[in-house]
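Visitor: I'd like someone to walk me through this model and justify the words used for it. Could we take the labels one at a time?

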Amino acid sequence: MPAPTNGISITHQLEQHDWSNEETAAYEAAIEAVNGAVGAYSALIAAERRKPEPDQSVIDEALAARARLAREREGLRSTDSQQIAEARARYAQLARDVLAGIA
């Protein structure tokens with residue numbers, strides 16, 4: 001298992017692999033989908049903190065979700081095309097769901 005990145009790019013941890021353009025694009029899109037979900041939780045936290053009476057449990061849950069997403073992002077395997085495709089769809093939907101809850 002790779003070491004935690006602590007916010008540093010995870011590309012240096014990728015295993016040796018001959019990349020096709022399609023695989024590269026898919027992997028990058030999956031990473032961006034996770035990052036989009038992290039950003040959605042950041043927006044939720046900011047929105048909650050702006051409220052006259054913020055709900056700390058909402059903030060705490062969103063912080064925990066961001067940490068979980070960072071671990072899940074580290075678990076993406078560039079050579080697993082099924083995992084990458086599923087991650088792209090799942091995290092993009094998660095971001096939409098979180099943002100919809102803010103509106």
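Guide: Below we go through the labels and the values behind them. Keep in mind that this is a predicted model.

Visitor: Fine. What makes up the fold, going from the N terminus on?

Guide: The elements run α-α-α. There are three helices and zero strands in the protein.

Visitor: How do you know that α1 and α3 are roughly parallel to each other?

Guide: Look at the angle. Helix α1 (residues 21-50) and helix α3 (residues 81-102) pack at about 20 degrees, with axes 8 Å apart. Angles under 35 degrees count as roughly parallel, and α1 and α3 therefore get that label. Their crossing is left-handed. Sorted by class, the residues in that contact are 21 nonpolar, one polar and one charged.

Visitor: And why is α1 called roughly antiparallel to α2?

Guide: Here the angle is about 165 degrees, and the axes lie 9 Å apart. The cut-off for roughly antiparallel is over 145 degrees, so α1 is roughly antiparallel to α2. α1 passes α2 in a left-handed crossing too.

Visitor: Which residues make the contact between α1 and α2?

Guide: From α1, they include I31, V34, A37, V38, Y41 and L44. The α2 side has, among them, V58, I59, A62, L63, R66 and L69. By class, the contact of α1 with α2 comes to 13 nonpolar, two polar and five charged residues.

Visitor: Let's zoom in on Y41. Why does Y41 count as buried?

Guide: Y41 is a residue of helix α1. Its relative accessibility is 12%, and buried means under 20%. Y41 therefore counts as buried.

Visitor: What does Y41 touch, leaving out residues up to four places away in sequence?

Guide: The list is A62, A65, R66, R68, L69, L94 and V98. Take R66: 25 residues separate Y41 and R66 in sequence, and their C-alpha atoms are 6.6 Å apart in space.

Visitor: Which residues touch the most other members of the largest nonpolar core?

Guide: Y41 is one of them, along with V34, L69, L76, I84 and Y91. That core has 22 residues. α1, α2 (56-74) and α3 each supply at least two of them, and α1 gives the most, with 12 residues. As background, nonpolar side chains in soluble globular proteins tend to be buried together.

Visitor: What does Y91 touch, again without residues up to four places away in sequence?

Guide: Y91 touches A33, V34, A37, L69 and E72.

Visitor: Now A29. What makes A29 partly exposed?

Guide: A29 lies in helix α1, and its relative accessibility is 26%. Buried needs under 20% and exposed needs over 50%, so A29 falls in between and counts as partly exposed. Across the fold, the C-alpha atoms of A29 and R88 are separated by 6.5 Å, although the two are 59 residues apart along the chain.

Visitor: Q93 carries a label as well. How do you know that Q93 is partly exposed?

Guide: Q93 sits in helix α3. Its relative accessible area is 34%, and the partly exposed range lies between 20% and 50%, so Q93 is partly exposed. The C-alpha atoms of Q93 and G36 are separated by 9.8 Å, with their places 57 residues apart along the chain.

Visitor: Then why does A100 count as exposed?

Guide: A100 is in helix α3. Exposed means over 50%, and A100 has 54% relative accessibility, so A100 counts as exposed. Its C-alpha atom is 9.5 Å from that of A40, 60 residues away along the chain.

Visitor: Last one, for the whole protein: how many of its residues are buried, as a percentage?

Guide: Buried residues make up 28% of the 103 residues. For contacts with a separation of 6 or more, 67% are between residues 24 or more positions apart.

Methods. Residues numbered from 1 in each chain as written. Predicted model: local features only at pLDDT ≥ 70, side-chain atom pairs only at ≥ 80, totals over all residues. Heavy atoms only, no water. Axes fitted to C-alpha atoms, helices over the stretch in contact; angles between N-to-C directions. Helix = DSSP H or I, 4+ residues; strand = E, 2+ residues; numbered from the N terminus. Parallel < 35°, antiparallel > 145°, perpendicular 65-115°, else oblique. Left-handed = near helix turned anticlockwise from the far one by under 90°. Nonpolar A, V, L, I, M, F, W, Y, C, P; charged D, E, K, R; others polar. Core = buried A, V, L, I, M, F, W, Y, C linked by side-chain atoms within 4.5 Å. Buried < 20%, exposed > 50% of the residue type's maximum accessible area, 1.4 Å probe, protein only. Contact = heavy atoms within 4.5 Å.
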